[in-house]
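Let's take a walk through this one together. Have the viewer open and rotate along as you read.

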Amino acid sequence: MISILMVIALLCVAFYAYRVMAQGNMMALLLLVISLAAIFFVFFPEETIVIANMLGVGRGTDLLLYFCFIAGIILILLIHVKFRHQSIMITELARALALSNPKRPTKACANQAPKHLAE
């Protein structure tokens, strides 16, 4: 029963990755391949042992754990790069907006300026 639920969830992930990939995001190809490989391993769990032995890992469970760890690190790096890129874009937009609509400071703002700038 649990394997059926896992396959359904993985098929949903594969369908989502296919849809995103069709829109031009090629990173979704990696998600599609991983979800299809996971479906294969749900149906044939003994194959993880064979692949693990070919790669020099003792157990198939350890191999899957290593792959999950590597995928998590890659995911964290991708999210960091995306947030950094968005932060730079927001800064550039705020700077462009400020330069496109400059306003002179009012008398009240001039009184609030730090003393070393007021002199």
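A good place to start is the phenylalanine F44, which is partly exposed because its relative accessible area is 39%, a value between the 20% that ends the buried class and the 50% above which a residue counts as exposed. Its ring partner F40 falls into that class too, since F40 has a relative accessibility of 37% and so counts as partly exposed. Keep in mind that what you are looking at is a predicted model.

How are the rings of F40 and F44 arranged? They form a tilted aromatic pair, with 5.1 Å from centre to centre and 45° between the planes. That angle is neither under 30 degrees, which would make the pair stacked, nor over 60, which would make it edge-to-face, so tilted is the label that is left. The structure holds two aromatic pairs, and ring pairs tie F40, F41 and F44 together into a cluster.

Now follow F41, which sits in helix α2, running over residues 27-43. Once you set aside neighbours within four places in sequence, F41 is in contact with T48, I51 and L64. One of those partners, L64, is 23 residues away along the chain, and the C-alpha atoms of F41 and L64 are separated by 9.8 Å.

Next, pick out L63, a residue of helix α4. Is L63 buried or exposed? With a relative accessible area of just 4%, L63 is buried, because the cut-off for that label is under 20%. Its contacts, again leaving out neighbours within four places in sequence, are T48, I51, A52, L55 and V57. Take I51 from that list: L63 and I51 are twelve residues apart in sequence, and their C-alpha atoms are 8.4 Å apart in space. T48 and I51 also turn up as contacts of F41, so you can trace a path from F41 by way of either residue to L63.

Let's zoom out for a moment. The protein chain has six helices and zero strands, so from the N terminus on the pattern reads α-α-α-α-α-α. Of its 119 residues, 15% count as buried. As for contacts between residues at least 6 apart in sequence, 25% join residues at least 24 apart.

Where do buried nonpolar side chains gather? The largest nonpolar core is made of six residues: A14, A17, V20, M21, A28 and L32. Helices α1 and α2 are the elements that give two or more residues to this core, and α1 has the largest share, four residues. If you click on V20, you'll find that it touches N25 and A28, not counting residues up to four places away in sequence.

Last stop: the empty space. Rolling a probe the size of a water molecule over the atoms shows where such space is left. The largest pocket here has a volume of about 990 Å³. It is lined by 26 residues, and the closest to its centre are L30, L31, I34, A71 and L75. Which helices supply at least two residues of the lining? They are α1 (2-22), α2 and α4 (60-100), with α4 giving the largest share, eleven residues. By type, the lining divides into 23 nonpolar residues, two polar and one charged.

Conventions. Residues numbered from 1 in each chain as written. Predicted model: local features only at pLDDT ≥ 70, side-chain atom pairs only at ≥ 80, totals over all residues. Heavy atoms only, no water. Contact = heavy atoms within 4.5 Å. 1 Å grid on protein atoms, 1.4 Å probe; cavity = no way out; pocket = protein on both sides within 12 Å on 5 of 7 lines; lining within 4 Å. Points joined across faces, edges and corners; volume = space filled by probe spheres on them. Nonpolar A, V, L, I, M, F, W, Y, C, P; charged D, E, K, R; others polar. Phe/Tyr/Trp six-rings, centres within 6.5 Å; stacked < 30°, edge-to-face > 60°. Buried < 20%, exposed > 50% of the residue type's maximum accessible area, 1.4 Å probe, protein only. Core = buried A, V, L, I, M, F, W, Y, C linked by side-chain atoms within 4.5 Å.
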